[in-house]
Amino acid sequence: MDPVLNPYAPGAGSAPPELAGRNEVREAVRICVERLRRGRPAKSVLLVGLRGVGKTVLLDQMRRDAEASGAHTVRIEAPEQKSLPALLAPQLRLALLRLNRIEASKDMAVRGLRALAGFVGKLKLTYGDIEVGLDYEPEPGLADNGELEGDLSALLEQVGLAAKAAGTVLVIFIDELQYVAEDQLAALISALHRCAQQNLPVTLVGAGLPQLRGRMGEAKSYAERLFNFTEIGPLAKEDAKRAITVPANQEGVVVEPAAVELIVTETQGYPYFLQEWGKCAWDMAAASPIREGDVARASQEAIAALDESFFRVRFDRLTPAEKRYLRAMAELGPGPHRSGDIAQQLGRPVNSFGPLRNSLILKGMIWSPTHGDTAFTVPLFDDFMKRIMPGEDWRAA
């Protein structure tokens, strides 16, 4: 069939043609925004889940939902090597400039911009990566103590006051939140807590790997009372089927039930994989309907595509020792696995792998569901490790 008309969208953060199975969490965020707009309390929302479950896509859709309702939003992605103040400052400036154009909030927005100037001026000594244009002179004593937790709280308070004066809500969207350093995460939680205490319309919608829940609790003990943590996992079977059938039907193409069943089985319902299998099955089929045999032939192509993109980009960031550790995990199956069992596969004491395991957690490759357990953050990564490091040579490496 014509590849130009192929509706499926495998790619990092690419929006699928049918965002199936996520209406409940979208509705939760809508309710949060509307409660804050009306001056009622609401918890911020954090999405946690493995790679490939569509957290980024969902985050972007919820941002569009919020903006369509009249909320003001900022959107950042937290890379591993950049500070939170450097990410937030330019986006908060843009939000304040937008609020400055609203007559009712002009004075509060200007005071927020003065707070931003003080915030940047003092914290630039600590966080040298802050780069942001300043529109007003700082106001002495306003967000300029040079201490992140207090200054960020003062700054978000001013942004919240401006949003309240404008009759709107500021929603901060942050992806890859697990990469934010603990002290900076603590400052963000504290600032949001202050806004909640003062009933200001500021909220966070964040996304991260499963370890995010634990990291938030470690940063501030009251984090679990401030946020609603929502698990984002593979799609339920009927939703996974819709993710395949609806886009094809919209192009006038039928996917036979047996073909749909095979795709859902092969992908285990993970949204990214559904898009990859759907794309390859479309390209493989000569004409509508897409049959089970088309999917069977497409599976090899889909796996190869995942190996060269989704899996390989993560594998190439690893050291040889890290690769062996993950290969040992793969030998035991999908997981989670006891740390002692992984060490046994490698023939070394479990306590000798502490630094290596911590490095893999920091790189977002593994996480610990419970004390002493280790699991992949990437679905089906065990099969990939066996394909890319076959045989037994990895043990002797």
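Which residue takes a positive phi just after helix 13? In this predicted model, the residue in question is Gly333, whose phi is about 110°. The helix that precedes Gly333 spans residues 320-332. Helix 13 comprises 13 residues and extends 19 Å between its first and last C-alpha atoms, close to the 18 Å expected at 1.5 Å a residue. Several side chains of this helix are buried, and they are Glu322, Tyr325, Leu326, Arg327, Ala328, Met329 and Ala330. The buried set thus includes Glu322 and Arg327 alongside Leu326 and Met329.

The segment that follows helix 13 contains a further backbone feature. Gly335 and Pro336 are joined by a cis peptide bond, with omega at about 5°. Pro336 is located in the loop that connects helix 13 to strand 6, the latter formed by residues 337-338. A second cis peptide bond is found between Ser288 and Pro289, again with an omega of about 5°. Pro289 belongs to the loop between helix 11 (271-284) and helix 12 (292-315). These bonds are notable against the general background, because most peptide bonds are trans.

Positive phi values also occur at residues other than glycine. Most residues of that kind have a negative phi. Asn199 is one such case, with phi near 55°. Asn199 lies in the loop between helix 6 (182-197) and strand 4 (202-208). With a relative accessible area of 32%, Asn199 is partly exposed, since partly exposed residues fall between the 20% and 50% cut-offs. Gln268 likewise is not a glycine, yet has a positive phi of about 60°. The position of Gln268 is in the loop between helix 10 (257-267) and helix 11. Gln268 has a relative accessibility of 46% and is therefore classed as partly exposed.

A loop residue with a contrasting environment is Ser105. This serine is placed in the loop between helix 3 (84-100) and helix 4 (106-123). Ser105 is buried, because its relative accessibility is 0%, and buried residues are those under 20%. When residues up to four places away in sequence are not counted, Ser105 touches Leu99, Ala162, Ala165 and Ala166.

Terms used: Residues numbered from 1 in each chain as written. Predicted model: local features only at pLDDT ≥ 70, side-chain atom pairs only at ≥ 80, totals over all residues. Heavy atoms only, no water. Helix = DSSP H or I, 4+ residues; strand = E, 2+ residues; numbered from the N terminus. Expected span 1.5 Å × (residues − 1). Buried < 20%, exposed > 50% of the residue type's maximum accessible area, 1.4 Å probe, protein only. Contact = heavy atoms within 4.5 Å.
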